[in-house]
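Q: I have a protein model open and I'm not sure how to read it. Can you walk me through it, feature by feature?

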Amino acid sequence: MLRSLLVGVIVLSGVVPSVSCGGAIVPPAGPVVRAFAPVGSYAGHWGADYAIERGSTVRTVADGVVTFAGVVAGVRTVTIFHGGSLRTSYSYLASITVAAGDRLQAGDALGESGTDHGIGALHLSSRVGSRYIDPALVLSCSKRTLHLMPLDS
């Protein structure tokens, strides 16, 4: 698991963790077509969208346990807990092949990509506790500081 990905994480107001490499990171198989761009409490874009052909296999970016596999606001979504309070979610899925409680390794299939506005796409979001972070920071597995956006601000 990616418990060592977030070293010394304390998710409290004003405390920002650092990222440290600690597990396999598998990026989505497509270019970013809409970047992470949160605005305020709930406006903006709280993940990254990747161009990916509809029906392509969607794979988890890192080891973890499925905590949710179902529909949110009419969109098929899977959420995976990676340890250290890090979760990733995958949306715009055409199908889901995992269930809550399943343990996955980095690169394991979790479903097939669907569409967003008629275009093959995958939406990837990342959270530390209840705060969304740019998925690119997780995928880069860097030692940069994560800039967290609280959900309740």
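**Reading the fold from the inside out**

A: Let's start in the middle. This is a predicted model, and its largest nonpolar core holds 17 residues. Within that core, Val78, Ile80, Tyr90, Leu110 and Leu122 touch the most other members. At least two core residues come from each of strand 6 (48–51), strand 9 (75–83), strand 10 (86–96) and strand 13 (119–128).

Q: What does the secondary structure of the protein chain come to?

A: Count the elements: there are 14 strands and 1 helix. As for cover, 44% of the 153 residues count as buried. You can also ask how far apart in sequence the touching residues are. Take the contacts with a separation of 6 or more: 56% of them are between residues 24 or more positions apart.

Q: How do I read strand pairing, and in which sense do strand 9 and strand 10 pair?

A: Look at the sense of the pairing and then at the bridges. Strand 9 and strand 10 pair in the antiparallel sense, with 7 bridges. One spot to find is Val78, which stands opposite Tyr90 in strand 10; both residues are among those that touch the most other core members.

Q: Which other strands does strand 10 pair with?

A: Strand 13 is one partner, again antiparallel, over 6 bridges. There, Ser91 has His123 as its bridge partner. Strand 12 (residues 109–116) also runs antiparallel to strand 10, and 3 bridges join the two. In that pairing, Ser95 is opposite Glu112. Strand 10 is mostly covered, too, with 8 of its 11 residues buried.

Q: What about phi angles? Why would a positive one catch my eye?

A: Because most residues other than glycine have a negative phi, a positive value in such a residue deserves a look. Ala73 is a case here, with a positive phi of about 50 degrees. You'll find Ala73 in the loop between strand 8 (64–72) and strand 9. Ser85 is another non-glycine case, with a positive phi of about 70 degrees, and its place is the loop between strand 9 and strand 10. The hairpin of those two strands has 2 residues between them, and Gly84 there takes a positive phi near 60 degrees.

Q: Are Ala73 and Ser85 buried or exposed?

A: Check relative accessibility against the cut-offs: over 50% is exposed, under 20% is buried, and in between is partly exposed. Ala73 has 79%, so Ala73 counts as exposed. Ser85 has 24%, so Ser85 counts as partly exposed.

Q: Now try the reasoning on His45: is it buried or exposed?

A: His45 has a relative accessibility of 6%, so His45 counts as buried. His45 sits in strand 5 (residues 43–45). Leaving out residues up to four places away in sequence, His45 touches Arg34, Ala35, Phe36, Ala37, Pro38 and His123. With His123 there is also a polar contact, side chain to side chain, at 3.5 Å. Remember His123 as the bridge partner of Ser91.

Q: Last one: where is the pLDDT below 50?

A: Begin with the whole chain: the mean pLDDT is 79, and 76% of the residues reach 70 or more. Then look for weak stretches. Over residues 1–22 the pLDDT is below 50, though the model gives this stretch 63 contacts beyond near neighbours in sequence. Residues 142–153 are also below 50, and that stretch has 41 such contacts.

Conventions. Residues are numbered from 1 along each chain as its sequence is written. This is a predicted model: local features need pLDDT of at least 70, side-chain atom pairs count only at pLDDT 80 or more; totals for chains, interfaces and linings use all residues. Side-chain values use heavy atoms; hydrogens and water are left out. A nonpolar core is a set of buried Ala, Val, Leu, Ile, Met, Phe, Trp, Tyr and Cys residues joined through side-chain atoms within 4.5 Å. Buried means under 20% relative accessible area, exposed over 50%, partly exposed in between (1.4 Å probe, protein chains only). Helices (H or I, at least four residues) and strands (E, at least two) are DSSP runs, numbered from the N terminus. pLDDT is the predictor's confidence in each residue, from 0 to 100. Contact means heavy atoms within 4.5 Å. A polar contact is a pair of N or O atoms within 3.5 Å; within protein, one must be able to donate a hydrogen and the other to accept it, and residues adjacent in sequence count only if both atoms are side-chain atoms. Two strands pair if DSSP finds at least two bridges between them.
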